[in-house]
Amino acid sequence: ADVAGLPVGRGVLSVICNEAGGSIDDTMITKCADEDGKGGEHIYQVINAGCADKDLAHFRKHLAEFDGEVDLEVHWDTRGLFALQGPESQKILEKLSGKDLSQVAFGEWIPALDLGGAKTMVSRCGYTGEDGFELFVPGDAIKDTWKLLLGQDGVRAAGLGARDALRLEAGLCLYGHELDEETTPVEAGLAWTVGKARRDPSNAPFLGKEKIVGQINDAKTRHKYRVG
């Protein structure tokens, strides 16, 4: 993703790549805004729970080699994530928050939405192919927010199996299925996640760039193609 060019308060799907251009994980990256709408000096990144240990090891390895000022803060123990998905999700979230969310675009970030007294970070996104919101809830409010959501008409609990069926129908890739460390984003049909600024050979280096951009520019260099 072109994080530098991403507007403040917006998020985008990306892929974490290794030196060979393979895919370590899929990820959502948001350039954060503060409550006053300013910010952009930090990003909020969501990774797959099953890949968390290796992802963090990867980040820390390269942060140690990075000649710049940057910190990594992990929120495993201080925040919970619920995905409220489906065509009625906006109506339900508006009822709970008392806010009009009709102008919140896909990928847009709300830094602090009041849900039952808990200041919750919210992003209009999801991995189901449906409209929806991801709710990043403070740790001390997780149980109460869960009960609050399940108490709404039309809201039902669903696990990863249901999510997986929906993302398959929508053609969304997932690490461990269509993505792995031997498959590049291009081979997985995710060339669109490589921003134009990142494709410039003289600008914005990233791990695996030579192979990935080479596959974008010359389809003959691809070893596989995603179908569906």
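What follows is a walk through the overall fold, the four-stranded sheet and the empty spaces of this predicted model.

Start with the big picture. The protein has six helices and seven strands, and from the N terminus on these elements run β-β-β-α-β-α-β-β-β-α-α-α-α. The C-alpha atoms fill a box of roughly 55 × 40 × 30 Å along the principal axes. For 228 residues, a compact globule would be expected to have a radius of gyration near 17 Å, so the 18 Å found for the protein agrees with that picture.

Now for the sheet. Four strands form an open sheet in the order 4-7-6-5, and the pairing is antiparallel. Strand 4 (79-85) and strand 5 (109-115) sit at the edges, each pairing on one side only. On average, and ignoring direction, neighbouring strands here are turned by 30° against each other. Strands of a sheet pair through backbone hydrogen bonds, in either a parallel or an antiparallel sense. In the case of strand 4, the partner is strand 7 (residues 132-138), and the two run antiparallel over seven bridges. Within that pairing, A83 stands opposite E134 of strand 7.

Two helices go with this sheet. Helix 2 (residues 89-97) lies across strand 4, strand 5, strand 6 (118-123) and strand 7, and runs at about 55° to strand 5. Helix 3 (residues 142-150) also packs on the sheet and touches strand 4, strand 5, strand 6 and strand 7. The direction of helix 3 makes about 10° with that of strand 4.

That leaves the empty space. Rolling a probe the size of a water molecule over the atoms shows where such space is left. The count comes to one cavity of 30 Å³ or more, and the largest cavity holds about 40 Å³. Its lining consists of M28, T30, Y44, V46, W109, S123, C125, E134 and F136. E134, the residue facing A83 across the strands, is thus also part of this lining. Strand 2 (23-33), strand 3 (39-46) and strand 7 each supply at least two of the lining residues. By type, the cavity lining divides into six nonpolar, two polar and one charged.

The second largest pocket holds about 190 Å³. It is lined by 14 residues, with L13, M28, F106, G126 and W192 lying nearest its centre. M28 therefore turns up here as well as in the cavity lining. Strand 1 (residues 10-17) gives the largest share of the pocket lining, three residues. In character, the pocket lining splits into eight nonpolar, five polar and one charged.

Technical notes
Residues are numbered from 1 along each chain as its sequence is written. This is a predicted model: local features need pLDDT of at least 70, side-chain atom pairs count only at pLDDT 80 or more; totals for chains, interfaces and linings use all residues. Side-chain values use heavy atoms; hydrogens and water are left out. Two strands pair if DSSP finds at least two bridges between them. Axes are lines fitted to C-alpha atoms, for helices over the stretch in contact, and angles run from 0 to 180 degrees between N-to-C directions. Contact means heavy atoms within 4.5 Å. On a 1 Å grid over the protein atoms alone, a cavity is a set of points where a 1.4 Å probe fits but cannot get out, and a pocket is an open set with protein on both sides within 12 Å along at least five of seven lines; lining residues have an atom within 4 Å of a point. Grid points are joined across faces, edges and corners, and a volume is the space filled by probe spheres set on the points. Ala, Val, Leu, Ile, Met, Phe, Trp, Tyr, Cys and Pro count as nonpolar, Asp, Glu, Lys and Arg as charged, and the others, Gly among them, as polar. The radius of gyration is taken over C-alpha atoms; the globule rule is 2.2 Å times the number of residues to the power 0.38.
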